[in-house]
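Hi everyone, thanks for making the time today. I'd like to walk you through one structure, helix by helix, so let me put it up on the screen.

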Amino acid sequence: MLTRAFPPELIDEVVAECGRVEQRTRLLPARVVVYFVLAMCLFFGQAYEEVARLLVQGLEREGRWVKT
């Protein structure tokens, strides 16, 4: 749902416009952190771990997150 409302390209563009593009490869790229913050707003009152689980589950379903 989040990737349909806010396509990854849009998230990347906004992050770049704000001057917050990561300079090194991180475990969680800036795009994923933005989606996590949006998910925390959607699932207000849920534990961070539950929000992360729901986010990853959704991203996996959309084919945008691959478990290693």
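Let's begin with helix α4, which covers residues 48-61 of this predicted model. It has 14 residues, and from the first C-alpha to the last it reaches 20 Å, close to the 20 Å expected at 1.5 Å a residue.

Which residues of α4 are buried? They are V51, L55, G58 and L59. These four sit on the same side of α4, because they cover an arc of only 100° around the axis. Turn to the face that points away from that buried side, and you find the exposed residues E49 and R61. As for what lies over the buried residues of α4, the cover includes α1, residues 2-5, and α3, residues 30-42. One more detail at this end of the chain: G63, just after α4, takes a positive phi of about 75°.

Now over to α3. With 13 residues at 1.5 Å a residue, this helix should span 18 Å, and its end C-alpha atoms are 19 Å apart, which agrees. The buried residues here are A30, V32, Y35 and A39, and their cover includes α1, α2 and α4.

Let me stop at two of those residues. A30, in helix α3, counts as buried because its relative accessibility is 18%, and the cut-off for buried is under 20%. Leaving out residues up to four places away in sequence, A30 touches V15, R20 and E22. Its C-alpha is separated by 18 Å from that of Q57, a residue 27 places away along the chain.

And what is Y35 in contact with, once we set aside its neighbours within four places in sequence? The list is L2, T3, F6, P7, P8, I11 and L55. L55, you'll remember, is one of the buried residues of α4.

That brings us to the core. In soluble globular proteins, nonpolar side chains tend to be buried together. Here the largest nonpolar core has nine residues in all: L2, I11, V15, A30, Y35, A39, V51, L55 and L59. Helix α2, residues 8-17, supplies at least two of them, and so do α3 and α4.

So, to pull it together: V51, L55 and L59 are buried in α4, and these residues belong to the largest nonpolar core along with A30, Y35 and A39, which are among the buried residues of α3. Thanks for listening, and I'm happy to go back to any of these helices.

Conventions: Residues numbered from 1 in each chain as written. Predicted model: local features only at pLDDT ≥ 70, side-chain atom pairs only at ≥ 80, totals over all residues. Heavy atoms only, no water. Helix = DSSP H or I, 4+ residues; strand = E, 2+ residues; numbered from the N terminus. Expected span 1.5 Å × (residues − 1). Buried < 20%, exposed > 50% of the residue type's maximum accessible area, 1.4 Å probe, protein only. Arc of directions from axis to C-beta. Contact = heavy atoms within 4.5 Å. Core = buried A, V, L, I, M, F, W, Y, C linked by side-chain atoms within 4.5 Å.
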